[in-house]
Amino acid sequence: MNPETLRQPIIEFLNASYRLPGGQVLLKNLNLTATSGETLVLLGRSGAGKTTALKLINRLLDPTNGEVRVDGRSTVDWDPIELRRHIGYVIQETGLFPHYTVEQNVAVVPRLESWPAERTRTRVAELLALVGLDPGGFARRYPHELSGGQRQRVGVARALAADPPILLMDEPFGALDPLTRSEVHREFQSLEQRLKKTIVIVTHDIGEALLLGNRIALLKSGELAGIYSPKEFLRSGEPSASEYVARIRALESFEESK
Amino acid sequence: MNLAQFFVRHGDEILQATLEHIWLVGAAMLLAIAIGVPLGILVTRRPWLSKPILGTANIAETIPSLALFGFLLPVPWLGDRSDRLAIVALTLYALLPIIRNTSAGISGVDPAIREAARGMGMTPRQILFRVELPLSLSTVLAGVRVATVLTIGVATIAAAVGAGGLGEFIFRGLAMVNDQLILAGAIPAALLALSADFLLSVVERRLRPAR
């Protein structure tokens, strides 16, 4: 891939705002672009508008002002069903269908797209292997028979099933314990490099943002407070960044003192 | 003549009445499901319809059953055939639990699951048939079970308008002050209710989604 196509804007927020019918503004005049192949992290506390921004991309919400473009076309001009099948969507583990096996969960979009059964089966096995689950052992299990980390991997596999060029992830690793979390993070990093998809991740975890993002968009009460590379973010003097750095330093000095 | 001998001697008639009873209840339940489940779904889609629909079903439920049969008697077409009338009355009784449980089951589906379904590009119809209904099936069935047991009891009143069923024995027994006749209707009706309850609860448990 040459640098030209790398910079192609895939998702663009143009003065996008979202206001609840009651008048409360969840997102105010957001201008932000995610380019082809990058991982953009939307970082912020709860209520900062990150999930709202994410839902504007796959048209779970329509902007009340401004617009959001996907592949150069305003989301309101897309057929919502077509748009969503073009975009993988991962939410916290609860998003798996409890009445479907792992295999059926991963096969949801291929089946909606009426793929032939054989192609679906091959694809499911391929994806389970990709996210580090043995297809033989897991395909026929139900979500409640899996650990949190395993469910998370199934969620990622399901979102990737029809090979969408865009992947949206809403606090995807939020429900995992710290150890599983860092394990899944490492795996996801290597997945990121192999997949070359445009990824938008919502998180309130600075460590996660630094680890997974190429760029970090910091949101504060519905407004964009800054866009940084992970390195810039650490040096930004942003209070939450300084706090994080201080925490890491404290941890390091604790390690050294042992 | 003791009760056992009575049951043996009148076995054919009791069986006949039981079959009539099953026909009345079965037909009413099929109708009630065919009407109640879509109404229950509608209530979740158009919340403002919730009050009028559930309210009407509630009122039908509170009318004393004997009176309801009586009210329907002069209605044209309905009053022409007594079993037709009985089935319609029983259907009205069975509606409320079915509507209520269908809407409760669908509203009870985890919003995160519904959102995941939407986010993956399922159409509203696909979400309903592939996600919401399968996940609320056991709740819907619990409503069907309650309605069936209720209807089996109320169906004994159908004999009052000449629709047959096990109520025949009960009404005849009351008129003749004959306990055996009353029991010939009441015992099979109770057994019918118990076995319907048991069978449907087995199915319901099988359909309950794992957590």
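Two residues are in contact if their C-beta atoms, placed from the backbone, lie within 7 Å. The legends below describe close-up views of a predicted model.

**Figure 1. Glu12(A) and its contacts.** Leaving aside residues up to four places away in sequence, Glu12(A) touches Thr33(A), Val68(A) and Arg69(A). Glu12(A) lies in strand 1 of chain A, which covers residues 9-19. Thr33(A) is 21 residues from Glu12(A) in sequence, yet the two C-alpha atoms are 4.4 Å apart in space. Glu12(A) has 19 C-beta neighbours inside 10 Å and therefore counts as partly exposed; the buried class begins at 20.

**Figure 2. Chain A as a whole.** Chain A contains 12 helices and 10 strands. Its C-alpha atoms fill a box of roughly 55 × 55 × 45 Å along the principal axes. The radius of gyration of chain A is 19 Å, which agrees with the value near 18 Å for a compact globule of 258 residues. Of these 258 residues, 42% count as buried. Among contacts in chain A with a separation of 6 or more, 68% come from residues 24 or more positions apart.

**Figure 3. Helix 2 of chain A and the residue that follows.** Helix 2 of chain A spans residues 50-57, and 8 of its 8 residues are buried, so this helix is largely enclosed by the rest of the structure. The buried residues are Lys50(A), Thr51(A), Thr52(A), Ala53(A), Leu54(A), Lys55(A), Leu56(A) and Ile57(A). Arg59(A) follows the helix and has a positive phi, near 60 degrees.

**Figure 4. Ser114(A) in a loop of chain A.** Ser114(A) sits in the loop between helix 5 and helix 6 (117-130) of chain A. Although Ser114(A) is not a glycine, its phi is positive, at about 50 degrees. Ser114(A) counts as exposed because it has 7 C-beta neighbours inside 10 Å, and the exposed class takes in residues with 12 or fewer.

**Figure 5. The contact between chain A and chain B.** Each chain is represented in this contact, with 18 residues from chain A and 18 residues from chain B. On the side of chain A that touches chain B, the elements giving two or more residues are helix 3 (80-85) and helix 5 (108-112) of chain A. By class, the residues on that side of chain A are 10 nonpolar, 6 polar and 2 charged.

**Figure 6. Helix 2 and helix 9 of chain B.** The axes of helix 2 (residues 11-45) and helix 9 (residues 179-207) of chain B come within 11 Å and cross at roughly 45 degrees. Helix 2 and helix 9 of chain B are therefore oblique to each other, and their crossing is right-handed. Helix 2 of chain B contributes Ile14(B), Thr18(B) and His21(B) to the contact, while helix 9 of chain B contributes Ala184(B), Pro188(B), Ala189(B) and Leu192(B). These residues comprise 5 nonpolar and 2 polar ones, with no charged residues.

**Figure 7. Helix 8 of chain B and its cover.** In helix 8 of chain B (residues 167-176), the residues Gly167(B), Glu168(B), Phe169(B) and Ile170(B) are buried. Helix 2 and helix 9 of chain B, the pair in the previous view, are among the elements that cover these buried residues. Just after helix 8 of chain B comes Val177(B), with a positive phi of about 50 degrees.

**Figure 8. Helix 3 and helix 5 of chain B.** Helix 3 (residues 50-62) and helix 5 (residues 82-107) of chain B have axes that come within 8 Å and cross at roughly 140 degrees. That angle makes helix 3 of chain B oblique to helix 5 of chain B. The crossing of helix 3 of chain B with helix 5 of chain B is left-handed. From helix 3 of chain B, the contact uses Ile53(B), Leu54(B), Ala57(B), Asn58(B), Ala60(B) and Glu61(B). From helix 5 of chain B, it uses Leu92(B), Tyr93(B), Leu95(B), Leu96(B), Ile99(B) and Arg100(B). By class, the residues of this contact are 9 nonpolar, 1 polar and 2 charged.

**Figure 9. Trp77(B) ahead of helix 5 of chain B.** Trp77(B) belongs to the loop between helix 4 (65-72) and helix 5 of chain B. Trp77(B) is not a glycine, but its phi is positive, at about 70 degrees. With 9 other C-beta atoms within 10 Å, Trp77(B) is exposed.

Methods
Residues are numbered from 1 along each chain as its sequence is written. Chains are lettered from A and ligands numbered from 1 in the order in which they are written. This is a predicted model: local features need pLDDT of at least 70, side-chain atom pairs count only at pLDDT 80 or more; totals for chains, interfaces and linings use all residues. Helices (H or I, at least four residues) and strands (E, at least two) are DSSP runs, numbered from the N terminus. The radius of gyration is taken over C-alpha atoms; the globule rule is 2.2 Å times the number of residues to the power 0.38. Axes are lines fitted to C-alpha atoms, for helices over the stretch in contact, and angles run from 0 to 180 degrees between N-to-C directions. Angles under 35 degrees count as roughly parallel, over 145 as roughly antiparallel, 65 to 115 as roughly perpendicular and the rest as oblique. A crossing is left-handed if the near helix is turned anticlockwise from the far one by less than a right angle, and right-handed if clockwise. Ala, Val, Leu, Ile, Met, Phe, Trp, Tyr, Cys and Pro count as nonpolar, Asp, Glu, Lys and Arg as charged, and the others, Gly among them, as polar.
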